[in-house]
Structures are given as C-alpha cells and as structure tokens.
Amino acid sequence: MAHPSRRTVLRTTAATGALAAVPASTLLWSRPAVADTRGPEQVHLSYGNEPSREMTVSWATATSVQRPKLRLGTAKDGFGRVHRAETRTYVDGLNKVETYTHRVRLHGLRPDTAYVYEVSHDGATAQRGTFRTAPEPGRRAFRFTSFGDLGTGSGAFKKSHIHGAAAVRHVEQFAPLFHLLNGDLAYANNNADSQPQAWNAFMNNMSVSAANRPWMPAPGNHEVEAGGGELGYASYHTRFDLPDNHTRDYCGNWYSFQVGSVLFVSVDANDLAVEDDASLDPATGQSIYISGYSEGAQLRWLERTLARARAGHEVDWIVASMHQFAMSSSAGSHGGDMGLREQLLPLFDRHQVDLVLCGHDHDYERTYAVRGTDPGNLLRPSVVSDEVRDIDTSKGTVHLILGGGGTASHDDTYLPDPDGSGVPEAFVRTERLTYKADPDAKEKATWSAVRDPDTAFPYGVAVFDVDPGTLIGGRTTITVSYYHTPSATPANPVPTPVLFDRFTLHRLRRDCRTHPRDLATVAG
C-alpha cells in the first residue's frame with residue numbers, strides 16, 4: 001500500500017535556503033510585533049547527520065509569529081550571526097488546533113565545543129540555551145542516558161505522572177552528552193480531547209533537559225494518533241527534526257548517527273511489530289494499524305546501514321533504540337513480539353549489534369547475551385553466555401527494557417517460575433491482537449538475566465559510559481548503570497536515584513586491520 005509523503009501532512013513556510021546563516025542586519029530591523037508576544041517555548045535539541053558539526057534547535061510558539069530566529073555564539077567569542085528559522089505547522093485532526101514549530105539546522109560547528117544560543121521572534125523575549133557538540137569522529141569517551149515511556153510530567157493528563165518531571169531532572173543530574181528516548185513520549189493519543197495540549201506539556205517538561213543536550217527519540221505505539229495523517233505521526237514529525245534517512249516518504253521515522261566509535265540506530269518498531277496497540281480512528285472505530293507500512297524500506301535501510309558499519313574500521317559498537325521488544329517476562333507484558341523476532345533479530349545477529357534499548361513494558365529487564373534461536377516455532381533467542389557482569393557482545397546481543405521513564409502505569413510484576421527450574425515464563429505475541437487481549441503463547445524465559453521486582457522503586461534511568469580504550473585492536477567497554485527511584489511526590493518531587501544494576505560490555509576495537517572478524521571473513 002502506498003503511503004503519502006509526510007510533506008502532504010505538514011506545512012513548511014520557509015525555503016531550504018532560509019536555513020543558512022544570514023547577516024544580522026537582514027533580520028533585526030524594526031517590525032511591528034504580532035498580537036501574541038509570548039516568547040518561544042518547548043525548546044529542544046537534536047543531532048543532524050554529523051553530531052560533531054551539526055545541531056538542530058527547535059521550539060514552538062502559541063501562534064504564528066514574525067521572523068523567528070536564532071543567535072549562536074560561544075562563551076569565548078560571544079554571539080555571532082543570526083540564523084532565520086524554518087516554520088512548520090500542523091492542524092490536529094481531532095481538535096482542529098494548529099501547532100506552530102520553528103527550527104534552525106546549524107552546520108559547520110566545531111567538534112567538542114560549548115555553544116550558547118538564543119531563540120526569539122519579533123516582539124518577544126528571547127529564550128537562551130547551551131549545548132556541546134559531539135567529539136570529532138574517532139575513539140572518544142562519552143556518556144549517554146536512556147529510558148522510554150515518559151509522559152507529560154503532569155497528572156492532569158491520562159497515562160502521565162509527576163515523576164515524568166523528576167525523570168527529566170535525573171537526566172540532567174547525570175549530565176550525558178545526549179539522551180535516547182525509547183518511544184511513548186507524551187501519550188497524547190490517550191488524551192484524544194486534548195492531544196495538542198498533552199504534547200505541549202510533554203515538550204515543555206522535556207525542554208528542562210533537551211534545551212541543553214539532544215534528546216533523540218524513537219516512535220512508540222502511542223505516537224500513532226488519530227487525526228495525525230495516515231500513519232498518525234503528524235504531531236511527532238512536526239516537533240522533531242531528526243537525521244536524514246534518505247527516504248522520500250519516511251524521514252524521521254528511523255535514522256542513525258555516530259558519536260565516537262558508536263553507531264546509534266533508531267528503529268520504528270511500529271513498522272515491524274505484529275501487535276495492534278495504537279489509537280482508534282473515531283470515524284471507523286478501528287485501530288490505526290501500521291505494521292508493514294514501509295513495505296520493507298526500513299529493513300533494507302537497516303541492512304545497508306549495519307553492513308556498512310561492520311565493513312569498516314571506524315565503528316566498534318552498534319546500539320539500537322526502539323520501543324517494542326522481542327523479549328519480556330513481565331506479568332503485564334505486551335509479549336515478546338514475533339514480528340521483531342522474525343524480521344529484526346536476524347539482522348542484529350548478522351551484524352553483531354551489541355545493545356538493544358527498548359521501552360513498552362514499564363519496568364526494567366536485562367537479557368543475557370543472545371544470538372540465533374532455539375529449536376521450536378517461537379524463535380526463542382538462544383543464550384550464548386550466562387555471564388552477567390563482564391559481557392563479550394561480539395558473541396551476542398544484550399537487550400534492555402527501560403520502560404520506567406515517568407508514565408503513571410507500572411509493569412514491575414513478573415511471571416513466576418512454575419516448575420521450580422529457576423527459569424520464569426514469558427508471553428510471546430505471534431499474531432495481531434490488541435494489547436487488552438492476552439498474548440497467545442508462552443515460553444520459558446531462558447534469556448532473562450536481571451529483573452527489578454521492587455515495586456517501591458518503579459521508575460529508572462540507564463547511564464552508559466563509553467570507554468574507547470587505548471590500544472589499537474584492544475579492549476573497549478561500555479559500563480551500564482541502571483538507577484531506579486521511588487515515585488515522585490509533592491513532598492519529594494525529585495527523589496534520589498539508587499543504583500540497582502551495573503555491568504560492563506566489552507569487545508575488541510576494530511581499528512586493527514587484522515581484527516578477528518576480518519580474518520574469519522578472509523578465511524571463509
């Protein structure tokens with residue numbers, strides 16, 4: 001089935017050339033202010049195609065405004081030239097509310113450099129932020145963080161909790177270079193009568209951190225919204241400007257970027273999962289089921305991207321971020337998705353993806369290193385090592401569920417071990433069923449290594465510290481620390497994170513021309 005380009009849904013009011021820097025005198029002459037002079041809000045950052053040299057600054061305004069713009073500078077040099085913003089709008093199909101967003105794509109930045117910026121428009125007070133570009137390509141140490149299922153941070157919206165505000169502040173406490181947000185952002189589709197307002201609350205909450213460091217999202221099932229175009233992504237696309245995947249119709253749905261020697265791939269699992277858990281179309285009463293919408297385009301892109309990374313010597317690590325998962329032993333689980341097991345895991349195995357970060361179930365679970373499948377028709381991933389502290393990911397992939405960002409619902413109750421073997425059960429979803437329908441199969445969760453059953457600590461954030469090592473062809477590591485927290489309350493709005501799980505991933509650097517995998521390829 002052919003799907004319309006996102007350009008048929010969104011309205012852009014600036015030509016491509018308007019994104020380039022122009023002299024300040026061109027933009028700052030006196031003009032009458034528009035009626036609404038409230039300043040920019042929902043300010044957030046995202047990487048361009050080259051994180052060491054490109055950054056996109058995005059924001060929103062309550063109405064249409066005159067001459068939205070950005071001033072950029074450094075602490076050393078002060079503010080320099082002014083950049084004119086592109087404006088993008090959309091009208092929510094359910095509420096007929098128009099959203100106005102603006103963005104500037106910055107190019108030619110200096111690697112590993114701190115910048116300051118101001119965004120404004122005629123007649124409004126500027127909003128200021130800061131960011132640091134990624135280090136130049138090569139083997140560099142850095143930190144990133146991740147969770148999914150955040151919500152708006154306000155109990156006024158369904159599926160949201162005030163802990164969503166605490167979670168954003170926890171990210172700031174750990175001060176990563178960037179944050180990966182593994183789907184289910186605002187839960188706006190659960191607030192059908194106020195979808196735009198839910199998004200506004202989410203973006204303003206996220207901005208506490210995302211105005212100072214990139215937040216890089218993957219779409220979840222709750223980003224599929226009634227009244228949001230054929231795929232339901234109109235709101236998501238309007239608010240986020242993401243690296244180019246070089247497709248005509250699906251830009252922003254999936255993408256990749258590289259920091260240091262780590263390749264990050266953001267996957268749209270809505271395209272691959274068999275589960276039916278999205279908004280209902282009020283006109284038909286049917287769910288907006290978009291599984292398979294790209295007709296293989298995403299998988300072909302992913303195959304090319306992963307193959308290119310493993311064919312070279314610049315990428316040591318591959319980290320995938322997505323929403324739905326292939327494995328979970330939660331008692332309230334959506335079920336390990338057969339669509340992902342059939343289509344995605346063979347790609348991850350073939351190209352030695354090291355780490356997969358998911359959300360969807362609102363809890364924490366870690367797998368052993370897995371590769372290939374066990375005998376049977378459920379394609380259960382095979383455990384290749386029972387090591388839980390120092391894990392060689394060249395042998396297998398570790399999957400994490402990080403679904404305790406800030407949503408109001410919790411899934412941190414797990415299926416038991418029914419036969420005393422020490423191995424719990426897990427649901428598997430093998431066909432299209434809505435979330436409220438029980439998953440249709442079970443398996444022994446031989447792959448489950450660590451679970452967090454402490455219901456007093458239902459939320460959490462994962463912190464990843466990349467150490468490139470010092471020797472050519474030598475050991476490189478990623479240390480993973482998962483901190484869980486009690487629920488935020490009015491009396492304790494930002495509870496202290498508590499370390500729950502820490503482990504190290506390792507592999508050999510690929511900057512040696514006689515890397516073992518290269519020798520195996522030659523020998524084959």
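Asp390 is partly exposed, because its relative accessible area is 33%. Its salt-bridge partner is Arg475, and the closest N and O atoms of the two are 3.0 Å apart. Arg475 sits in strand S28 (residues 475-485) and Asp390 in strand S22 (residues 390-392), so this pair ties together parts that are 85 residues apart in sequence. Keep in mind that you're looking at a predicted model. From here, let's go through the salt bridges, the chain as a whole, two helices, the largest pocket and two buried loop residues.

**More on salt bridges**

- Arg475, the other half of that opening pair, comes out at 42% relative accessibility, so Arg475 also counts as partly exposed.
- How many salt bridges are there in total? The count comes to 31.
- Lys444 pairs up with Asp417, with 3.8 Å between the closest N and O atoms. Lys444 belongs to strand S25 (residues 441-444), while Asp417 is in the loop between strand S23 (398-402) and strand S24 (425-429), so this bridge ties together parts 27 residues apart in sequence.
- Lys444 also forms a salt bridge with Asp419, and here the closest N and O atoms are 3.1 Å apart. Asp419 is in the loop between S23 and S24 and Lys444 is in strand S25, so the parts tied together are 25 residues apart in sequence.
- How open are these three residues? Lys444 has a relative accessible area of 22%, so Lys444 is partly exposed. Asp417 has 28%, so Asp417 is partly exposed too. Asp419 has 52%, and the cut-off for exposed is over 50%, so Asp419 counts as exposed.
- Salt bridges can also join up into a network, and Glu86, Arg88, Arg105 and Asp241 are linked in one.

**The chain as a whole**

- The secondary structure adds up to 8 helices and 29 strands.
- The chain has 524 residues, and 59% of them count as buried.
- Take the contacts with a separation of 6 or more: 74% of them are between residues 24 or more positions apart.

**Helix H3**

- Helix H3 (residues 195-210) has 16 residues, which should span 22 Å at 1.5 Å a residue; the end C-alpha atoms are 21 Å apart, so the two values agree.
- Plenty of names turn up on the buried list for H3, including Trp199, Phe202, Met203 and Met206.
- What covers those buried residues? The cover includes strand S3 (41-47), strand S8 (98-106), helix H2 (163-174), strand S12 (178-181), strand S13 (215-217) and helix H4 (234-239).

**Helix H5**

- Helix H5 (residues 297-311) has 15 residues and reaches 21 Å from its first C-alpha to its last, close to the 21 Å expected at 1.5 Å a residue.
- Among the buried residues of H5 are Leu299, Trp301, Leu302, Thr305, Leu306 and Ala309.
- Here's a handy bit of background: an α-helix has 3.6 residues a turn, so residues three or four places apart point the same way.

**The largest pocket**

- The largest pocket holds about 610 Å³ of space.
- Its lining is made up of 30 residues, and Asn49, Ser256, Phe257, Gln258 and Leu263 lie nearest the centre.
- Which element gives the most to this lining? Helix H5 does, with 5 residues.
- S14 and H5 each supply at least two residues of the lining.
- By class, the lining splits into 11 nonpolar, 11 polar and 8 charged residues.

**Two buried residues in loops**

- Ser261 is in the loop between strand S14 (255-259) and strand S15 (262-266). Is Ser261 buried or exposed? Its relative accessibility is 2%, so Ser261 counts as buried.
- Ser261 and Val315 are 54 residues apart along the chain, yet their C-alpha atoms are separated by 4.6 Å.
- Beyond its sequence neighbours up to four places away, Ser261 touches Gly138, Arg139, Glu314, Val315, Asp316 and Trp317.
- Asn182 is in the loop between S12 and H3. With 0% relative accessibility, Asn182 counts as buried.
- The C-alpha atoms of Asn182 and Gln324 are separated by 8.8 Å, although their positions lie 142 residues apart along the chain.
- Leaving out residues up to four places away in sequence, Asn182 touches several others, including Ser146, Phe147, Ala218, Met322, His323, Cys358 and Leu402.

Methods. Residues are numbered from 1 along each chain as its sequence is written. This is a predicted model: local features need pLDDT of at least 70, side-chain atom pairs count only at pLDDT 80 or more; totals for chains, interfaces and linings use all residues. Side-chain values use heavy atoms; hydrogens and water are left out. Helices (H or I, at least four residues) and strands (E, at least two) are DSSP runs, numbered from the N terminus. Buried means under 20% relative accessible area, exposed over 50%, partly exposed in between (1.4 Å probe, protein chains only). Contact means heavy atoms within 4.5 Å. The expected span of a helix is 1.5 Å times one less than its number of residues. A salt bridge is a side-chain nitrogen of Lys or Arg within 4 Å of a carboxyl oxygen of Asp or Glu. On a 1 Å grid over the protein atoms alone, a cavity is a set of points where a 1.4 Å probe fits but cannot get out, and a pocket is an open set with protein on both sides within 12 Å along at least five of seven lines; lining residues have an atom within 4 Å of a point. Grid points are joined across faces, edges and corners, and a volume is the space filled by probe spheres set on the points. Ala, Val, Leu, Ile, Met, Phe, Trp, Tyr, Cys and Pro count as nonpolar, Asp, Glu, Lys and Arg as charged, and the others, Gly among them, as polar.
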